[in-house]
Amino acid sequence: MTQEQTYLLGEQAVVLDLNCARLDNEQQNRLFALHRHLQKQARYTDIVVGKTSLTLVLQDHTQCAKWQEALLTLWQSLSAEDFQPTTHTIPVIYGGEAGPDLAPLAEQLNLSPKDIVELHSSPTYQVKFLGFLPGFAYLGSVPEQLQVARLNSPRTHVPAGSVAIAEDLSAIYPSASPGGWRLLGHSTTRLFDANVQSPSLFQPGDNVKFVPQKEGLC
């Protein structure tokens with residue numbers, strides 16, 4: 001049960017805040033359903049899905065008051081069943097130079113490297129939200145046996161395509177950047193293209209399935 005509310009953020013944006021620490025699966029899929037609905041209905045500049053909120057950035061600031069009411073109405077009327085996710089299959093080369101943290105993590109957790117691959121590639125992950133870098137998707141949830149903290153000292157350079165974990169989340173770096181997540185593998189899948197209508201391959205609520213490739217551990 002949430003006590004949702006809306007409020008203005010600056011002159012152009014309206015926030016729907018679900019006012020809770022964590023969403024259950026039904027609430028999460030309702031939020032994704034609202035995101036997809038708004039993509040078709042609203043005249044917007046951006047729609048940002050957060051962990052427990054959604055921010056609608058409008059093209060016309062005079063419509064903000066209208067959308068404060070409309071977001072609450074839509075939230076009440078949509079259901080989890082209104083959301084139909086897209087599933088992405090992502091090939092991954094695990095271990096070795098592609099995943100330099102895999103072997104030390106296996107030793108730390110008293111598991112074999114193949115156990116790490118099997119645990120990481122077994123779930124179907126869900127895109128919880130986007131952030132950090134263009135096209136960077138936070139994927140949940142990593143199996144409990146693999147939930148570890150970030151590196152004590154972040155790397156100054158993580159290659160694009162690195163498949164990584166931190167705490168209960170996994171991700172793929174869409175571009176090279178600094179980063180403190182533990183690197184398990186690499187994928188050649190392009191995640192972000194600024195020249196296409198929908199630049200990010202992943203959208204909130206999408207499903208992601210990692211598939212180990214024979215060029216690495218599997």
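## Exercises on a predicted fold

Of the 24 residues in the largest nonpolar core, the ones touching the most other members are Phe202, Val208 and Phe210. Such a core is a set of buried Ala, Val, Leu, Ile, Met, Phe, Trp, Tyr and Cys residues joined through side-chain atoms within 4.5 Å, and buried means under 20% relative accessible area, with exposed over 50% and partly exposed in between (1.4 Å probe, protein chains only).

Before you start: this is a predicted model, where local features need pLDDT of at least 70, side-chain atom pairs count only at pLDDT 80 or more, and totals for chains, interfaces and linings use all residues. Residues are numbered from 1 along each chain as its sequence is written, and side-chain values use heavy atoms, with hydrogens and water left out.

### Exercise 1: Around the core

Task: Find which elements give two or more residues to the largest nonpolar core, then look at what Phe202 touches.

Solution.
Step 1. Elements here are DSSP runs numbered from the N terminus: helices (H or I, at least four residues) and strands (E, at least two). The ones giving two or more residues to this core are β5 (87-94), α3, α4, β6 (125-130), β7 (137-140), β9 (162-166) and β13 (207-212).

Step 2. Contact means heavy atoms within 4.5 Å. Leaving out residues up to four places away in sequence, Phe202 touches His88, Ile90, Val127, Leu130, Ala137, Ile172, Leu191 and Val208.

Step 3. Don't stop there: apart from this core lies another, of 23 residues, with Leu31, Cys64, Trp67 and Leu74 among them.

### Exercise 2: One residue in strand β7

Task: Is Ala137 buried or exposed, and what does Ala137 touch?

Solution.
Step 1. Locate Ala137: it's in strand β7.

Step 2. Its relative accessibility is 2%, so Ala137 counts as buried.

Step 3. Not counting residues up to four places away in sequence, its contacts are Val127, Phe129, Leu130, Ser170, Ala171 and Phe202.

Step 4. Now compare sequence with space: Ala137 and Gln203 are 66 residues apart in sequence, yet their C-alpha atoms are 8.1 Å apart.

Step 5. Check the strand's pairing (two strands pair if DSSP finds at least two bridges between them). β7 pairs with β6 in the antiparallel sense over four bridges, and Gln126 has Gly140 in β7 as its bridge partner. β6 also joins β13, again antiparallel, through two bridges; there Tyr125 is partnered with Val208.

### Exercise 3: Two helices

Task: At roughly what angle do the axes of α3 and α4 cross, and which residues meet?

Solution.
Step 1. Axes are lines fitted to C-alpha atoms, for helices over the stretch in contact, and angles run from 0 to 180 degrees between N-to-C directions. The axes of α3 (residues 102-109) and α4 (residues 113-121) come within 8 Å and cross at roughly 100 degrees.

Step 2. Name the angle: under 35 degrees is roughly parallel, over 145 roughly antiparallel, 65 to 115 roughly perpendicular, and the rest oblique. The two helices are therefore roughly perpendicular to each other.

Step 3. On the α3 side, Leu102, Leu105, Ala106 and Leu109 meet Pro113, Ile116 and Val117 of α4.

### Exercise 4: The open sheet

Task: What is the strand order in the open sheet of four strands, and which strands stand at the edges?

Solution.
Step 1. The order is β1-β2-β4-β3, with antiparallel pairing.

Step 2. β1 (5-9) and β3 (44-49) are the edge strands; each has a single partner strand, so one side of each lacks a neighbour in the sheet.

Step 3. From one strand to the next, the twist averages 15 degrees.

Step 4. Five bridges join β2 (residues 13-17) to β4 (residues 53-58), and Val15 sits opposite Thr55 in β4.

Step 5. Add the helices. α1 (residues 25-41) lies across β2, β3 and β4, at about 170 degrees to β3. α2 (residues 64-77) packs on the sheet too, touching β1, β2 and β4, and its direction makes about 25 degrees with that of β2.

### Exercise 5: Unusual backbone

Task: Where are Asn19 and Ser141 found, and what's special about their backbone?

Solution.
Step 1. Recall the background: most residues other than glycine have a negative phi, and most peptide bonds are trans.

Step 2. Asn19 is in the loop between β2 and α1, with a positive phi of about 55 degrees. At 42% relative accessibility, Asn19 counts as partly exposed.

Step 3. Ser141 is in the loop between β7 and β8 (155-158). The peptide bond from Gly140 to Ser141 is cis, with omega near 5 degrees.
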